[in-house]
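The following exercises are to be worked with the sequence and the coordinates at hand. Each task is followed by a solution in steps.

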Amino acid sequence: MKDNKVVQYLSKLEVIGNRLPHPVSIFIIFLVALMIISHIFYMLGVTVKFEGINPETHQLEMLEYDIVSLLIPSSISHIFTSVVENFTSFVALGPVLVVMLGVGVAEKTGYLAAIIRKSVSFAPKKFITPVVILLGVLSNVAASVGYVVLVPLGAMIFLSYNRHPIAGLAAAFAGVAGGYSANLVLGTNDPILSGMTTEAAQILNENYIVNATDNFYFMFASTFLIVIIGTIITDKIVEPSLGSFVNYYEDKSEVNPRAFLYANISLLVMIGLILLMVLPSSGILRGENGEFIGSPFIQSIIFIMMIIFLVPGIVYGIVDKSIKRDSDLIDMMTDSIKMMAEFIVLIFFAAQFVALFDYSNIGMWISVESANILKSLSINGPVALVLLIIITAIVNIFIAADSAKWSMMAPIFVPMFMQLNIPPEVTQVAYRIGDSSTNIISPLMPFFPYIVSVAARYGKSNGIGTVISIMLPYSLIFLIGWTILFIAWLLLGIPIGPGTNGL
């Protein structure tokens with residue numbers, strides 16, 4: 001496979017990417033460039049005008065924003081006063097650190113290694129890749145758990161099978177981020193996006209309703225597409241391009257059967273207690289009127305995952321005598337946070353860039369101008385949908401939050417496509433395909449710095465170039481394959497969801 005031209009290209013791309021400065025330096029360079037570009041746009045009087053959903057009133061309005069220079073006095077004042085909030089409120093920071101308190105204990109006591117080792121003893125090697133990708137797709141129902149837990153776990157699972165850990169990281173990341181819109185069940189983003197689509201559709205038809213389930217059939221089928229394509233890319237393209245991996249991390253300690261038994265019992269008890277608070281419609285962690293989507297359970301999933309790892313990890317350590325006193329436990333938690341030191345530094349600078357990029361309104365300008373280009377073209381039907389997918393994929397590199405993009409794009413595209421006899425729920429699917437496919441190559445995606453930090457655990461030279469080079473095949477092939485499935489689905493007249501129609 002070494003003579004494979006795709007493999008050679010990816011290897012060259014990785015080398016070039018990793019010759020770039022340290023990721024922290026890259027974000028500092030991005031910040032300087034952003035300041036200069038924002039001031040140029042400001043001096044030219046660039047503005048953004050579009051009909052969109054006002055984030056404060058949640059009403060459809062004609063909105064107008066100026067490009068904000070980051071070099072004028074008011075912006076400089078904003079930069080100084082917002083630094084701490086930008087850092088502490090960054091989406092990826094809290095979830096990663098909270099979960100690591102539990103994962104770190106489970107790892108250092110040996111419980112996590114014991115689980116993986118036991119799994120390896122009976123799980124067929126050929127099914128590991130599709131299982132990791134499928135778990136990544138399914139994890140999207142639980143907010144950011146997939147990024148925080150499954151991506152590093154994917155690397156560890158592959159390593160336990162004597163496979164390259166970066167390939168495991170890539171497979172998990174592809175499922176979590178690349179397959180973000182696909183799932184076998186409804187996710188948290190379904191009601192959010194459908195609500196915005198409804199608002200946009202009512203510009204032309206005040207009675208039009210888009211339900212959270214209106215994309216379900218297509219997204220259910222898309223799960224299998226992502227798993228199949230992702231498996232082929234991982235096994236045939238990405239892993240061969242990585243070469244061999246010398247495992248300096250192998251844990252040769254034996255599994256303590258008694259500790260493993262008691263830890264698993266504690267795990268089952270914890271899961272049972274959580275289920276008691278979730279399964280009954282009147283459960284403590286259910287929402288109003290017994291709702292599951294948006295419930296306290298979904299909102300607290302990061303803390304729950306911490307407990308799921310922490311409790312059995314503590315039990316394993318106590319029985320195995322790796323935890324003899326409370327200070328041993330605290331030391332393990334402290335060490336797990338120490339491992340995240342470089343990530344925390346990276347996040348500080350990444351958070352500043354992402355926040356100021358949003359503050360400058362340049363991302364909004366890119367989104368609206370891209371929409372205007374498509375609107376100016378005389379096209380219809382499937383061609384229009386394909387172009388929307390491509391535009392969304394490009395915009396997604398600059399604006400990572402799916403709801404933020406759709407709040408701007410829906411009022412433009414949904415009414416425009418309705419006039420082309422394309423139903424709003426179909427337009428929404430096109431948006432979701434483009435939005436998911438380039439998540440895995442967008443440095444502005446909140447969890448991207450964390451993925452880079454995980455990759456660095458398996459080689460100090462692994463940086464942004466490594467992650468982008470290994471994820472690029474997933475991004476491009478997901479985009480192409482998903483688009484083909486979508487167009488074929490529509491041409492065959494298959495409903496995309498309960499009670500919906502195609503073109």
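Is Phe348 buried, partly exposed or exposed? Phe348 is partly exposed, its relative accessible area being 29%; buried means under 20%, exposed over 50% and partly exposed in between, with a 1.4 Å probe and protein chains only.

The model is predicted: local features need pLDDT of at least 70 and side-chain atom pairs count only at pLDDT 80 or more, while totals for chains, interfaces and linings use all residues. Residues are numbered from 1 along each chain as its sequence is written, and side-chain values use heavy atoms, with hydrogens and water left out.

**Exercise 1. Count the aromatic pairs and classify the pair of Phe87 and Phe348.**

Step 1. Rings of Phe, Tyr and Trp (its six-membered ring) pair if their centres lie within 6.5 Å; planes under 30 degrees apart are stacked, over 60 edge-to-face and the rest tilted. This rule gives 20 aromatic pairs.

Step 2. For Phe87 and Phe348 the ring centres are 5.4 Å apart and the planes stand at 70°, so the pair is edge-to-face.

Step 3. Phe87 belongs to helix α3 (residues 73-88) and Phe348 to helix α15 (residues 341-360), so the pair ties together parts that are 261 residues apart in sequence. Helices are DSSP runs (H or I, at least four residues), numbered from the N terminus.

Step 4. A cluster linked by ring pairs comprises Phe27, Phe30, Phe353 and Phe357.

**Exercise 2. Describe the packing of α4 against α13.**

Step 1. The axes of helix α4 (residues 93-108) and helix α13 (residues 301-320) come within 6 Å and cross at roughly 15°. Axes are lines fitted to C-alpha atoms over the stretch in contact, and angles run from 0 to 180 degrees between N-to-C directions.

Step 2. α4 and α13 are therefore roughly parallel; angles under 35 degrees count as roughly parallel, over 145 as roughly antiparallel, 65 to 115 as roughly perpendicular and the rest as oblique.

Step 3. The crossing of α4 and α13 is left-handed, a term for a near helix turned anticlockwise from the far one by less than a right angle, whereas clockwise gives right-handed.

Step 4. Among the residues in contact (heavy atoms within 4.5 Å) are Val98 and Leu101 of α4 and Phe309 and Leu310 of α13. By class, the contact of α4 with α13 has 14 nonpolar, two polar and no charged residues. Ala, Val, Leu, Ile, Met, Phe, Trp, Tyr, Cys and Pro count as nonpolar, Asp, Glu, Lys and Arg as charged, and the others, Gly among them, as polar.

**Exercise 3. Describe α16 and α17 in the same manner.**

Step 1. The axes of helix α16 (residues 362-376) and helix α17 (residues 381-396) come within 10 Å, with a crossing angle of roughly 160°. That makes α16 roughly antiparallel to α17.

Step 2. The crossing of α16 and α17 is right-handed.

Step 3. Ile366, Ser367, Ser370 and Leu374 of α16 meet Ala384, Leu387, Leu388, Ile391 and Val395 of α17. The residues of this contact divide into seven nonpolar, two polar and no charged.

**Exercise 4. Characterise the surroundings of Asp190 and Glu254.**

Step 1. Asp190 lies in helix α9 (residues 189-201) and is buried, at a relative accessible area of 7%. Apart from neighbours within four places in sequence, Asp190 is in contact with Ala212 and Arg432.

Step 2. Glu254 lies in the loop between α10 (216-242) and α11 (257-278) and is exposed, at 70% relative accessibility. Not counting residues up to four places away in sequence, Glu254 touches Arg117 and Tyr316.

Terms used. Helices (H or I, at least four residues) and strands (E, at least two) are DSSP runs, numbered from the N terminus.
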